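Hi,

Here is the structure I promised to pass on. Have a look at it first, and then read my notes underneath.

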Amino acid sequence: MVIIHLLNIKTQGQKIREIRKRNKIRQEYVTGNLVTRNLISMIENDKVNISKNTAKIVTENLNKYFKENKIKDRIEIDYILKTPKDHLEEEINYILQRVEESPDLIENDLEELIIEFEYYFKRYELYGLGYEFFRGLGE
């Protein structure tokens, strides 16, 4: 059985919002005085991509909040910066490696796997990545 983690694919903005909401943190706290609340709102709503500098500010402010409030959590900048495409590429490489090691490994899960990957390829418009994935399965 192949274990995949596709259900946790989130955009950069979705991750920030989820962390913020889960911990009841206001946008103003996340921004500090270095970025605007409006920018964080646009990022959380996937209207703009987050820059590395903004991601650094956000993660520093979140981690500061966690420390001040004795919350045992820590956010890494790489987690915030990882895009759905990055995540899918990691999953595809993992699956293709498993298939190469044991071709019958995914035989029972193939239909479900194809449906799930196809959904994400369409959702994030990653058609080239989808092509590579399906081509890899065929080999």
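Below is what turned up, going from charged pairs to rings to a couple of loop residues. Keep in mind that this is a predicted model.

**Salt bridges**

The count comes to 11 salt bridges. A good place to start is glutamate 44, which is buried, with a relative accessible area of 3%. Its side chain meets that of arginine 17 in a salt bridge, at 3.8 Å from N to O. Glutamate 44 belongs to helix α3 (residues 37-44) and arginine 17 to helix α1, so this pair links distant parts of the chain, 27 residues apart. Arginine 17 is partly exposed, at 27% relative accessible area.

Glutamate 44 also forms a salt bridge with arginine 20, and here the closest N and O atoms are 2.7 Å apart. Because arginine 20 lies in helix α1 and glutamate 44 in helix α3, the pair ties together parts that are 24 residues apart in sequence.

Is arginine 20 buried or exposed? Arginine 20 counts as buried because its relative accessibility is 8%, and buried means under 20%. Leaving aside neighbours within four places in sequence, arginine 20 is in contact with Ile25, Arg26, Gln27, Val30 and Glu44. As for Val30, its C-alpha atom is separated from that of arginine 20 by 8.0 Å, and the two residues are 10 apart along the chain.

Another salt bridge joins arginine 22 to aspartate 73, with the closest N and O atoms 3.7 Å apart. That pair also links distant parts of the chain: arginine 22 is in helix α1, aspartate 73 is in the loop between α4 and α5, and their positions lie 51 residues apart in the numbering. Arginine 22 is partly exposed at 49% relative accessible area, and aspartate 73 is partly exposed at 31%. Both residues are part of a network of salt bridges that links Lys10, Glu18, Arg22 and Asp73.

**Aromatic rings**

The structure holds two aromatic pairs. In one of them, the rings of tyrosine 29 and tyrosine 65 have centres 5.1 Å apart and planes at 75 degrees, so the pair is edge-to-face. Tyrosine 29 sits in helix α2 and tyrosine 65 in helix α4, 36 residues apart, and the pair links distant parts of the chain. Tyrosine 29 is partly exposed, with a relative accessible area of 29%, whereas tyrosine 65 counts as buried at 16%.

Tyrosine 65 also pairs with phenylalanine 66: their ring centres are 6.5 Å apart and the planes are at 75 degrees, so this pair is edge-to-face too. Phenylalanine 66 counts as buried, at 1% relative accessibility. Ring pairs thus link Tyr29, Tyr65 and Phe66 into a cluster.

There is also a charge over a ring to look at: lysine 15 lies over the face of tyrosine 79, at 4.7 Å from the ring centre.

**Two lysines in loops**

Which loop holds lysine 24? Lysine 24 is in the loop between α1 (12-22) and α2 (27-31). Its phi is positive, about 55 degrees, although lysine 24 is not a glycine. Lysine 24 counts as exposed, at 72% relative accessibility.

Lysine 70 lies in the loop between α4 (52-68) and α5 (77-81). Phi of lysine 70 is near 55 degrees, again a positive value in a residue other than glycine. Lysine 70 is exposed, with a relative accessible area of 74%.

Happy browsing!

Methods. Residues are numbered from 1 along each chain as its sequence is written. This is a predicted model: local features need pLDDT of at least 70, side-chain atom pairs count only at pLDDT 80 or more; totals for chains, interfaces and linings use all residues. Side-chain values use heavy atoms; hydrogens and water are left out. Helices (H or I, at least four residues) and strands (E, at least two) are DSSP runs, numbered from the N terminus. Buried means under 20% relative accessible area, exposed over 50%, partly exposed in between (1.4 Å probe, protein chains only). Contact means heavy atoms within 4.5 Å. Rings of Phe, Tyr and Trp (its six-membered ring) pair if their centres lie within 6.5 Å; planes under 30 degrees apart count as stacked, over 60 as edge-to-face and the rest as tilted. A charge sits over a ring if NZ of Lys or CZ of Arg is within 6 Å of the ring centre and within 35 degrees of the ring normal. A salt bridge is a side-chain nitrogen of Lys or Arg within 4 Å of a carboxyl oxygen of Asp or Glu.
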